[in-house]
Amino acid sequence: MKKTILLQTLLFTLLASQFSFSQPKTIAERLKWWQEARFGMFIHFGIYAIHGKGEWMRHDEKVSNEQYQPYVESFNPVDYNPKEWAKLAKEAGMKYAVMTAKHHDGFCLWDSKLTDYKSTNFSCKKDLIKEYTEAYRAEGLKVGIYYSLIDWHHPDYPHYADEHHPMRGNEAFKNAKHDWDNYLKYMHGQVKELLSNYGKIDILWLDFSYGEMRGEKWKAKELVDMIRKLQPDIIINNRLGGDGVVQGAVQYGDFETPEQGVPETAPTDENGNIKPWETCLTHNNHWGYHNADNNFKSAEVVIHTLVNCVSKGGNLLLNVGPDAKGKIPQGSVEVLKEVGQWMRDNGASIYGCGVAKDFPRTEYARFTQKGNKVYMHKMYPTVGFIRLKDFQNKFNYIRFLADGTDAPYDKRFWGIPESQGFIFLNCKRPVWETFSWPNKINTVLEIELR
């Protein structure tokens, strides 16, 4: 009897070592690393880079599949080097990336077995997604994949009556028949490929829903169930259920995706709890490469936007649009390196931080917080001291985050009728002397609370 019990125990132990009996992660558990990371790189790359007018060029100019084909056949990014991209992302202080595997034009940057319309079939001859995932993982960055739910190349995606298709309103397609179930089978199958053949994928970024094309039109529940089965730890954005610009309920995903702007206040649920959210932002004015758009946001704008996001409990996903040869524009490279210099000194005020509930934003600063550390981001011009109200005897120290030195302050100041409870901050003693703050973009003060 004892031998039988012993053998059963050993057998169970061996089985347990082979299989995981842990419960599926909650949304909060899945999102934990992402909300600590706070800063990521978006990459829009594809055939459209050859045309040099952004990723919506087919829509804008009503370009047919036949007219687009010469771009497809000549697409050969000879300078494509995701190892360099990954090093740049890491240098900038980014912790994850999301790259377009397929955009709306339908062209696949991986060796899909479900279509011939892919990078491995033409001049490129490369599985670009394989190289991307391997390069970013090698730098210790989390890996995300963007996949367009819509497809302007597939014959079963609606043409004539669709509001976005390049052939919308084209009489030649007025009576065309489309097998919607066949398209969904194709679309679901491609998502399955991407989540089965490239190791652990940390983020799936689906884009986009509109009009009637949302939710169960995509068989969203079935799709999400498959995604969770293939990649239990993956996080999914909310665009299966909505367009992501108007913030709505996260019905099929884990986080919201406001685009090209930072919400005035943190998005909240019906109970007032802050929802997980991420602003996606172009670096110039286009997602895909545009050879005439050199309006790159400065390091100051990028840093201020990142701080604004984190101060409201959100992330920033900043886009780069590599050119047709596979090079990230120099304007982006230079700014990202400058952002990285600031992040190396001040990253502690971003990573793992969120809303500082007792420190509302002011005309001169934003606040982030992690545990008992509050970070004051001095971003905007002020004359003289900074005044913190009701703050005396509530902190252990106030120091410049970049070098760890004490920040001068006084508990009273001449000319202020009522100074009880205030402290007056500056970067030089005496406090009333005018002196420029150490970092012209954003000086960060670390305040340790009692």
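In which order do the strands of the open sheet of five run, and is their pairing parallel or antiparallel? Keep that in mind while you get your bearings; the tour comes back to it below.

**Getting oriented**

What you have open is a predicted model. Colour the chain by secondary structure and you will find 11 helices and 15 strands. The chain has 450 residues, of which 54% count as buried. Sequence-distant partners feature strongly: among contacts between residues at least 6 apart in sequence, 67% join residues at least 24 apart.

**Stop 1: strand 7**

Select residues 314–320, which make up strand 7. Seven of the seven residues here are buried, so strand 7 is largely enclosed by the rest of the structure. Show the side chains and look at each face in turn. Gly 314, Leu 316, Leu 318 and Val 320 lie on one side, while Asn 315, Leu 317 and Asn 319 lie on the other, and both faces are covered.

**Stop 2: strand 1, a neighbour of strand 7**

Now add residues 39–43, strand 1, which runs parallel to strand 7 and is joined to it by five bridges. To see the register, pick Phe 39, whose bridge partner in strand 7 is Leu 316. Then pick Gly 40, which stands opposite Leu 317 of strand 7.

Are the residues of strand 1 buried or exposed? Five of the five are buried, so strand 1, too, is largely enclosed by the rest of the structure. Phe 39, Met 41 and Ile 43 point one way, and Gly 40 and Phe 42 point the other way.

Strand 1 also has strand 2 (residues 96–102) as a parallel partner, with four bridges between them. Gly 40 serves again as a marker here: its bridge partner in strand 2 is Tyr 96.

**Stop 3: strand 6 and the crossover**

Go back to strand 7 and select residues 277–281, strand 6. These two strands pair in the parallel sense over five bridges. Thr 279 is a handy landmark, with Leu 316 as its bridge partner in strand 7. Trace the chain onward from strand 6: it passes through helix 10 (residues 299–311) to reach strand 7, and this β-α-β crossover is right-handed.

Pause on helix 10 itself. Its 13 residues should span 18 Å at 1.5 Å a residue, and the end C-alpha atoms are 18 Å apart, which agrees. Helix 10 is mostly covered, with 11 of its 13 residues buried. Among the buried ones are Ala 299, Val 302, Ile 303, His 304 and Leu 306. Just after the helix, click on Gly 313, which takes a positive phi of about 80°.

**Stop 4: the sheet of five strands**

Here is the answer to the opening question: the order is 8-9-10-15-12, and the pairing is antiparallel. Strand 8 (354–355) and strand 12 (395–400) stand at the edges with a single partner strand each, so one side of each is left without a neighbour in the sheet.

Zoom in on strand 8 and strand 9 (residues 365–370), which pair in the antiparallel sense over two bridges. Val 355 has Thr 368 of strand 9 as its bridge partner. With these strands still displayed, bring helix 10 back: it packs on this sheet, touching strand 8, strand 9 and strand 10 (373–378). The direction of helix 10 makes about 55° with that of strand 9.

**Stop 5: the sheet of three strands**

Another open sheet has three strands in the order 11-14-13, with antiparallel pairing. Strand 11 (386–388) and strand 13 (409–410) are at the edges, each with a single partner strand, so one side of each has no neighbour in the sheet. Three bridges join strand 11 to strand 14 (residues 423–425). Find Arg 387 and you will see Phe 424 of strand 14 opposite.

**Stop 6: the nonpolar cores**

Finally, switch to side chains. In soluble globular proteins, nonpolar side chains tend to be buried together. In this model the largest nonpolar core has 93 residues, and those with the most contacts inside it are Tyr 136 and Trp 218. Its largest share, eight residues, comes from helix 8 (residues 180–196).

Centre the view on Tyr 136. The residues that Tyr 136 touches include Met 41, Ile 43, Pro 82, Trp 85 and Leu 141. Met 41 and Ile 43 should look familiar from strand 1, where they point the same way as Phe 39.

For your last selection, try Phe 367, Ile 423, Leu 425 and Leu 449, which are included in a second, separate core of 21 residues.

Terms used:
Residues are numbered from 1 along each chain as its sequence is written. This is a predicted model: local features need pLDDT of at least 70, side-chain atom pairs count only at pLDDT 80 or more; totals for chains, interfaces and linings use all residues. Side-chain values use heavy atoms; hydrogens and water are left out. A nonpolar core is a set of buried Ala, Val, Leu, Ile, Met, Phe, Trp, Tyr and Cys residues joined through side-chain atoms within 4.5 Å. Buried means under 20% relative accessible area, exposed over 50%, partly exposed in between (1.4 Å probe, protein chains only). Contact means heavy atoms within 4.5 Å. Two strands pair if DSSP finds at least two bridges between them. A crossover is right-handed if, with the strands pointing away from the viewer, the path from the first strand over the helix to the second runs clockwise. The expected span of a helix is 1.5 Å times one less than its number of residues. Axes are lines fitted to C-alpha atoms, for helices over the stretch in contact, and angles run from 0 to 180 degrees between N-to-C directions. Lists of a residue's contacts leave out its neighbours within four places in sequence.
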